[in-house]
Amino acid sequence: RRNFLVSMSAMNSYNRMNLVDEKLVIFVASTTGDGDPPDNMRVFWNFLLRKGLPKDVLSTMKFAVFGLGDSSYPKFNSVARKLR
């Protein structure tokens, strides 16, 4: 109804340089072990946490975060919490 052009990809196959041009992103992120990002997210995750990344580079992007994990771990959903 709203005519969204949708694209879906794993974080390791998405071109991170295109992120600044996105208007709306839905992140689905899980944790493994004790709050660690999964292997296919590691490079993307390091890109987002880079110290040299300007703080406002994604300020025009709207996003939602869905976190997946096991709530019995102390760092449950730590990846999703950091993304928000």
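How much space lies in the largest pocket? In this predicted model, the answer comes to about 840 Å³. Empty space like this can be found with a simple trick: rolling a probe the size of a water molecule over the atoms shows where room is left.

A look at the walls of the largest pocket comes next. There are 24 residues in its lining, and those closest to the centre are Ser7, Met8, Ser9, Val25 and Ile26. Strand β1 chips in with 7 residues, the largest share of that lining. Sorted by class, the lining of the largest pocket turns out to have 18 nonpolar residues, along with 4 polar and 2 charged ones.

The second largest pocket holds about 380 Å³ of space. Its lining is made of 16 residues, and nearest the centre sit Leu48, Leu53, Lys55, Leu58 and Leu83. Two elements, α1 and α2 (78–83), each give two or more residues to this lining. As for the mix of classes, the second largest pocket is lined by 11 nonpolar and 5 charged residues, with no polar ones.

Aromatic rings are the next topic. The structure has 3 aromatic pairs. One of them joins tyrosine 14 and phenylalanine 44, whose rings meet edge-to-face, with 6.3 Å from centre to centre and 75 degrees between the planes. Tyrosine 14 belongs to the segment before β1 while phenylalanine 44 belongs to helix α1, so this pair ties together parts that are 30 residues apart in sequence. The partners also have their own surroundings to report. Tyrosine 14 is partly exposed, at 21% relative accessibility, and phenylalanine 44 is buried, with a relative accessible area of 4%.

Phenylalanine 44 also pairs with phenylalanine 27. Here the ring centres are 6.1 Å apart and the planes sit at 50 degrees, so the pair counts as tilted. This is another link between distant parts of the chain, since phenylalanine 27 is in strand β1 and phenylalanine 44 is in helix α1, 17 residues apart. Phenylalanine 27 is buried, at 6% relative accessibility. Put together, ring pairs link Tyr14, Phe27, Phe44 and Phe63 into a cluster.

The stretch after β1 is worth a stop as well. Threonine 31 has its place in the loop between β1 and α1. Is threonine 31 buried or exposed? With a relative accessible area of 16%, threonine 31 falls under the 20% cut-off and therefore counts as buried. Which residues does threonine 31 touch, once neighbours within four places in sequence are left aside? The contacts of threonine 31 are Asp36, Leu68, Gly69, Asn77, Ser78 and Val79.

Glycine 33 lies in the loop between β1 (24–30) and α1 (42–48) too. At 47% relative accessibility, glycine 33 is partly exposed. Between the C-alpha atoms of glycine 33 and arginine 50 there is a separation of 23 Å, and along the chain these residues are 17 residues apart.

Conventions:
Residues numbered from 1 in each chain as written. Predicted model: local features only at pLDDT ≥ 70, side-chain atom pairs only at ≥ 80, totals over all residues. Heavy atoms only, no water. Helix = DSSP H or I, 4+ residues; strand = E, 2+ residues; numbered from the N terminus. Buried < 20%, exposed > 50% of the residue type's maximum accessible area, 1.4 Å probe, protein only. 1 Å grid on protein atoms, 1.4 Å probe; cavity = no way out; pocket = protein on both sides within 12 Å on 5 of 7 lines; lining within 4 Å. Points joined across faces, edges and corners; volume = space filled by probe spheres on them. Nonpolar A, V, L, I, M, F, W, Y, C, P; charged D, E, K, R; others polar. Contact = heavy atoms within 4.5 Å. Phe/Tyr/Trp six-rings, centres within 6.5 Å; stacked < 30°, edge-to-face > 60°.
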